[in-house]
Amino acid sequence: MGMECSPVDMLNISQFTSRMVALAEYRKQLFQYLQEKMATVAPNLATLIGETVAARLISKAGSLTSLAKCPASTVQILGAEKALFRALKTKGNTPKYGLIYHSTFIGRAAAKNKGRISRYLANKCAIASRIDSFIEEPTTLYGEKLRDQVEERLNFYDTGEAPRKNIDVMELVAKSIKEKMAEAKGDEDGEGKKKKKKKKKDKTPKKSDADEDEEIQAETPKTEKKKKKKKRALEEEAAITPEPSAKKKKKDKSSKKKKKKSLGGGDA
């Protein structure tokens, strides 16, 4: 069956397969780079419709700010300009979706609901792009809640269960963000206090046994010096004070004898 491969054919086949493997690895690397970039640039839009579709929308609009300025109707048909102008010239039906068609939500919807879900998804994409463009601290909470809303809308088209209102969902997200910010501030304050305590402990160095011995040895000569100084001061004071003279001693003796005689006479 078949024919034998020549060495030249095998060489070309091996080169082709190695190039295909390298291209597959390069595609994985590009996708990882795109995920990281979209997580910093437009996290909510990426979580809503995926990284590839969000990147295509931003590149088609020119930038994230220009996409945020676009209304939902423009976002819906972004990428289908040729079909739109052709429909306007021929007075036919305008396109229902552009680049948004590559999202999984439109593929999951029924044929009769594709236009409705594309309009709803474009509305949520416009909200997500505006949040990403003007928010100070990027988060993915808004994108997750918007995606849940689209899921609820799909469920509504299938089962008739009423979805939640957008105001209620946004209030829940705002509350959760405030709680997270409060927790983060509390953790930072606790860490700051712990660091201050550690710094104070580090500033007071622990004395080792050798240091204590050295201090004791340094203190002992000081105490000895103080004692010697006191002795010298006492000796000097004793040398300065004059000894009582012999006359005073005799007077003292005679006064003592008189006192004794007077005491003896009184007893008699």
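Hi everyone, this is a short talk about helix H8 and the parts of the structure around it.

A word on the source: this is a predicted model, where local features need pLDDT of at least 70, side-chain atom pairs count only at pLDDT 80 or more, and totals for chains, interfaces and linings use all residues. Residues are numbered from 1 along each chain as its sequence is written, and side-chain values use heavy atoms, with hydrogens and water left out.

Helices here are DSSP runs of H or I, at least four residues, numbered from the N terminus. H8 covers residues 114-134. Its 21 residues should span 30 Å (1.5 Å times one less than the number of residues), and the end C-alpha atoms are 30 Å apart, which agrees. Of those 21 residues, 15 are buried (under 20% relative accessible area), so H8 is largely enclosed by the rest of the structure.

Now for its partner, H9, residues 141-159. The two axes, lines fitted to C-alpha atoms over the stretch in contact, come within 10 Å and cross at roughly 170° on a scale from 0 to 180 degrees between N-to-C directions. H8 and H9 are therefore roughly antiparallel (over 145 degrees). The contact (heavy atoms within 4.5 Å) includes Tyr120, Leu121 and Ile127 of H8 and Leu146, Val150 and Leu154 of H9.

Finally, the core. The largest nonpolar core, a set of buried Ala, Val, Leu, Ile, Met, Phe, Trp, Tyr and Cys residues joined through side-chain atoms within 4.5 Å, has 38 residues. H8 gives the most to this core, with eight residues. Leu121 is among those with the most contacts inside it, and residues that Leu121 touches include Ile49, Phe105 and Val150.

Key: Helix = DSSP H or I, 4+ residues; strand = E, 2+ residues; numbered from the N terminus. Parallel < 35°, antiparallel > 145°, perpendicular 65-115°, else oblique. Buried < 20%, exposed > 50% of the residue type's maximum accessible area, 1.4 Å probe, protein only. Lists of a residue's contacts leave out its neighbours within four places in sequence.
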